[in-house]
Amino acid sequence: MSKKDEYELYHSSTRMKKERALRNKARRRMKKKHGFLDRLSEVDHIDGNPNNNSDSNLRVINRSKNRKKQ
């Protein structure tokens, strides 16, 4: 199996699509609330639960801080 086939298989899985949809939903919600988000900004789920997209659980932080948190 080629790397491209492996990539397609992994990223088209139902689980990955669901996780990506939740991340996009959170980002859209924060864009609506705060306006423009640059490419280095990420939406952080404070409690670590990507299913919890409540306003009190979301914040915008830069990518490096979000990676250090994990």
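Okay, one definition before we start: when I say helix, I mean a DSSP run of H or I with at least four residues, and the helices are numbered from the N terminus. One more thing up front: what you see above is a predicted model. Its mean pLDDT is 84, and 99% of the residues reach 70 or more. Among the elements, β2 has the highest mean pLDDT, at 91, and α1 has the lowest, at 73.

Let's begin with helix α2, which covers residues 14–34. How far apart should the ends of its 21 residues be? At 1.5 Å a residue we expect a span of 30 Å, and the end C-alpha atoms are indeed 30 Å apart, which agrees.

Now, which residues of α2 are buried? They are M16, L22, A26 and M30. Around the axis they cover an arc of only 130°, which means that they sit on the same side of α2. Go round to the other side and you meet T14, K18, R28 and K32, which are exposed. And what covers the buried residues? The cover includes α1 (3–11), β1 (41–45) and β2 (58–62). Just after the helix comes G35, and its phi is positive, near 90°.

Next, the inside. In soluble globular proteins, nonpolar side chains tend to be buried together. Here the largest nonpolar core has five residues: A26, M30, L37, V43 and L58. You've already met A26 and M30 on the buried side of α2. Have a look at L58 as well. Setting aside neighbours within four places in sequence, L58 is in contact with A26, M30 and V43, and also with R29, D44, H45, I46, N52 and N53.

Polar residues can turn up inside too, and I've picked a pair to show you. Let's take N66, in helix α3, residues 63–69. Buried or exposed? N66 has a relative accessible area of 6%, and the cut-off for buried is under 20%, so N66 is buried. The side chain of N66 is joined to that of E42 by a polar contact of 2.7 Å. Not counting residues up to four places away in sequence, N66 touches E42, V43, D44 and I61.

The other one is S41, in strand β1. With 15% relative accessibility, S41 counts as buried. The side chain of S41 makes a polar contact of 2.6 Å with the side chain of D38. Beyond its neighbours within four places in sequence, S41 is in contact with R27, V60, I61 and N62.

Let's finish on the outside. S56 is in the loop between β1 and β2. Why does S56 count as exposed? Because exposed means over 50% relative accessible area, and S56 has 66%. S56 and H45 are eleven residues apart along the chain, and 9.2 Å separates their C-alpha atoms.

Back in α3, there's K68, which is exposed with a relative accessible area of 71%. Where does R39 lie relative to K68? The two are 29 residues apart in sequence and 17 Å apart in space, C-alpha to C-alpha.

If you'd like one picture to keep, take α2: M16, L22, A26 and M30 are buried, while T14, K18, R28 and K32, on the other side, are exposed. Thanks, everyone!

Key:
Residues numbered from 1 in each chain as written. Predicted model: local features only at pLDDT ≥ 70, side-chain atom pairs only at ≥ 80, totals over all residues. Heavy atoms only, no water. Helix = DSSP H or I, 4+ residues; strand = E, 2+ residues; numbered from the N terminus. Expected span 1.5 Å × (residues − 1). Buried < 20%, exposed > 50% of the residue type's maximum accessible area, 1.4 Å probe, protein only. Arc of directions from axis to C-beta. Contact = heavy atoms within 4.5 Å. pLDDT = per-residue confidence, 0-100. Core = buried A, V, L, I, M, F, W, Y, C linked by side-chain atoms within 4.5 Å. Polar contact = N/O pair within 3.5 Å; in protein donor to acceptor, adjacent residues only side chain to side chain.
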